[in-house]
Amino acid sequence: GISKKDDTLVLQTECTYCTHIVKVDTKDYGLPQTRQRTYMFVWRPDDDDNVNDDLGEYWEAIVHHLKSPVRHSLESFILQPDHDIIRVFREALRGPNGRQTKRGVFLEPDFWTSANANLRHNKVAREKLGLDDMARSLTKWGPFGQKQCPPHYWMEYIDCLNQREMDLIEILHASAARDAETHDSNFASFFWNVSQNASKEKHRSACPGIAGCITPGGDFFLPHAGRPLLGCEKLLLQGIPYFRLALGNETEVQIGDLAGNAMSLTVVCATMLAAMSCKQLRIETQKTSHGNMKKVLSDNAGIAPRKKLITSDLINDAKLWRKSGWLCATSLFEKLASLAPDAVKSSIWCTCESSGRNTLGTKFLQCKVCRVSFCRGCINTTSGYQLESHDTAEKNYY
């Protein structure tokens, strides 16, 4: 006859401690991640015999009061393609370790006819979705490393994925396309854990632009970016300032596990701040006639006025610049016109060049309609980019 809701467990010890728990979600505290965790507040009451001390209710009120809705989506927390960390990671995928993983993947026989224990999850997911076993429109994956991927995918990363993970990407892409509100995963923001089984992974989150829960050992894929989520980006999604940490020679896996095991920094700060100020809140509430802790919090939540960014002096200066011709765009572009041919030749012509390297090829194929381009080295019948939906023409810029 014990009720978990109404009854209180009391342990007879020399010192009396009270506890209070609250369930919070990281996306309610300014970070684009769904991470539901329960925090416990433990305190020693002023009266050692008072096991029903209500200080925990004031702590919970402050924790909820400190909620701050997400203002920036997942894309604001990922690094730019030309960042040094991205470049180093992609070079590692092209290096000896990446090539060794690729060789192992290219030796795997057909996953769909194998005795792999994970195969049943993929078959069940396809059956529920009404998707044929050979429907592989996104990647056209097959045995021994066969694949034809969208042009924005990192081929050096895709070549390291096994057939189970490739099939999971196909299933999630089809699920997004067949959703009540259809989305193309190549252009809409998605966050997929390809290390999860197909029967458990969801193709979308409840809120667009919000990442799923960062877990240790998780391999998270961003299909609209065509690349994985790196360890440093996982730390940023936890609110941890990666670029201010004094880390050593931790590997990518170790940094990812560190982020997966960590607690969200904004949530931790909120609970600690609430623990330091809840006793004062109780004192202030008891002084009032209404005794409403939420009203006390709202009355004392002063917000500093925002500074006016645009002043009359800046407006006058801008008018002066226009009169003097400093902001004349026409003359500026006329001076830069002579550099246009060289700018075209030095621009990024293939996804393999987006991390700072140059392709070894001298000939490219460019779509006449969407202008997407590929180098000859990335167009391979075994493992390369898809060209079937593009009307291409050959370009030579060297």
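How many nonpolar, polar and charged residues does the lining of the largest cavity have? The views below take this up, along with the cysteines. This is a predicted model, in which local features need pLDDT of at least 70 and side-chain atom pairs count only at pLDDT 80 or more, while totals for chains, interfaces and linings use all residues. Residues are numbered from 1 along each chain as its sequence is written, and side-chain values use heavy atoms, with hydrogens and water left out.

**View A. The largest cavity encloses about 50 Å³ of space.** A cavity here is a set of points on a 1 Å grid over the protein atoms alone where a 1.4 Å probe fits but cannot get out, and lining residues have an atom within 4 Å of a point. Look for Val105, Trp141, Leu161 and Met166 in the lining, which also includes Lys147 and Gln163. By class, the count is 4 nonpolar, 5 polar and 1 charged, with Gly taken as polar.

**View B. The second largest cavity has a volume of about 30 Å³.** Among its lining residues are Arg35, Arg37, Tyr39 and Met263. This lining has 4 nonpolar, 2 polar and 2 charged residues.

**View C. Cysteine 160 sits without a bonded partner.** The closest cysteine sulfur, in cysteine 149, is 12 Å away, too far for a bond. Cysteine 160 is buried (under 20% relative accessible area, 1.4 Å probe, protein chains only), at 19% relative accessibility.

**View D. The structure holds 0 disulfides (pairs of cysteine sulfur atoms within 2.5 Å).** Cysteine 367 is shown with cysteine 370, whose sulfur is the nearest at 3.6 Å. Cysteine 367 counts as buried, at 2% relative accessibility.

How values were computed:
Buried < 20%, exposed > 50% of the residue type's maximum accessible area, 1.4 Å probe, protein only. 1 Å grid on protein atoms, 1.4 Å probe; cavity = no way out; pocket = protein on both sides within 12 Å on 5 of 7 lines; lining within 4 Å. Points joined across faces, edges and corners; volume = space filled by probe spheres on them.
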